Amino acid sequence: MILVTGGTGSVGGQVVAQLREQGVEARALTRDPKRPGEVYGDLTDPATLDAALDGVDKVFLVWPVLGDPRKAEAVAKIARPGRHVVYFSSAEAGAADPVNSAHGEMERLVRESGADWTFLRITGLATNDLRWTPSLARGEVARGPFGDWKRTLIHEADLAAAGVRVLLDPGHAGWTYVLTGPEPLDAGQRVRVLGEVLRRPLRFENMTREEIAALYGDFADALQDFPPERVTDTVEKLTGMPARTYREWAADHAGDFAGSL
């Protein structure tokens, strides 16, 4: 039995779907007790996890509440000796900024739990670009920070496929994998690809340094100049298929931008 936390989200939902397509029994954890066909549990309330974890051998762990003060208690329930926990993490886990620091702390908790573990670290999810939909609903310009940063964003289906292989195939316990998309693209390039898929003349506009400072506070200066993200072939090594391109992701999500057409 495999439990998938965040089992109704973009990544967890893909993991559940792909496992079930292969005939593997999987439970999708949801915070909505009325959602049919899934199992209730709230990661911020560890007492609610007991029923969901009953009989579970493996867990695909998506942790959406990185700052939760009760995470150690929840991880102690989830990552017990005898289980294999596959944690969806960040390529820069352990860095000083709040998000990567939280991922590093989660990795430490899982590593020290006594459970078998595998960490799937990514540079970034392509689905995060769905944040552009409100601005595209108002016009042809997507705005955001760090427009020159060349990112190797991964399609959520590729991350899920890698996770499924790690869950089902032997030999992955104790390994950390970095998964990426196949090409580094800055925001302007990604918006142009999106425009070509949607058949609209879209362009990207960078936020000002003042706007970025207002968003990120004390970390704004450290976040201004990122090096290009690496490209790995880990998706292909784990799944046997090359990572999907950003254009493929855009085509798969064209319907999500329907409200901005």
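What follows is a walk through a predicted model of a protein, from its overall build to a few single residues.

Start with the whole chain. The protein holds 10 helices and nine strands. Its radius of gyration is 19 Å, close to the 18 Å that the globule rule gives for 261 residues, so the protein is as compact as a globular protein of that length. The C-alpha trace spans about 50 × 40 × 40 Å along its principal axes. Of the 261 residues, 50% count as buried.

Contacts tell how the chain comes together. Take the contacts with a separation of 6 or more: residues 24 or more positions apart account for 76% of them. The surface comes next. About 12400 Å² of the protein is exposed, and carbon and sulfur atoms supply 50% of that area. The protein carries 30 positive and 38 negative charges, and the mean positions of the two sets are 2 Å apart.

Now turn to the sheet. Seven strands form an open sheet with parallel pairing. Read across, the order is E3-E2-E1-E4-E5-E6-E8. Which strands stand at the edges? They are E3 (39-40) and E8 (175-179). Each has a single partner strand, so one side of each is left without a neighbour in the sheet. Strands of a sheet pair through backbone hydrogen bonds, either parallel or antiparallel.

Look inside this sheet at one pair. Strand E1 covers residues 2-4, and strand E4 covers residues 58-61. The two pair in the parallel sense over three bridges. Val4 stands opposite Phe60 in E4.

Strand E1 also contains Ile2. Is Ile2 buried or exposed? Its relative accessibility is 4%, under the 20% cut-off, so Ile2 counts as buried. Setting aside neighbours within four places in sequence, Ile2 is in contact with Leu19, Val24, Glu25, Ala26, Arg27, Lys58, Leu167 and Leu168. Ile2 and Val85 are 83 residues apart in sequence, yet their C-alpha atoms are 9.7 Å apart in space.

Strand E7 is part of another pairing. E7 and E9 pair in the parallel sense over four bridges. Val141 stands opposite Arg203 in E9. In a regular strand the side chains alternate between the two faces of the sheet. E7 shows such an alternation: Ala142 and Gly144 point to one face and are buried. Val141 and Arg143 point to the other face and are not buried.

The loops on from here hold two backbone details. Most residues other than glycine have a negative phi. Phe146 has a positive phi, near 60 degrees, and is not a glycine. Where is Phe146 placed? It lies in the loop between strand E7 (141-144) and helix H6 (156-168). At 13% relative accessibility, Phe146 counts as buried.

Arg199 also has a positive phi, of about 60 degrees, although it is not a glycine. Arg199 is found in the loop between helix H7 (187-198) and strand E9 (203-206). With a relative accessible area of 79%, Arg199 is exposed. Put side by side, Phe146 is buried, whereas Arg199 is exposed.

Methods: Residues are numbered from 1 along each chain as its sequence is written. This is a predicted model: local features need pLDDT of at least 70, side-chain atom pairs count only at pLDDT 80 or more; totals for chains, interfaces and linings use all residues. Side-chain values use heavy atoms; hydrogens and water are left out. The radius of gyration is taken over C-alpha atoms; the globule rule is 2.2 Å times the number of residues to the power 0.38. Buried means under 20% relative accessible area, exposed over 50%, partly exposed in between (1.4 Å probe, protein chains only). Contact means heavy atoms within 4.5 Å. Accessible areas come from the Shrake-Rupley method with a 1.4 Å probe; for residues, only the protein chains shown count as cover. Lys and Arg count as positive and Asp and Glu as negative; His and the chain ends are not counted. The place of a charge is taken as NZ of Lys, CZ of Arg, CG of Asp or CD of Glu. Two strands pair if DSSP finds at least two bridges between them.
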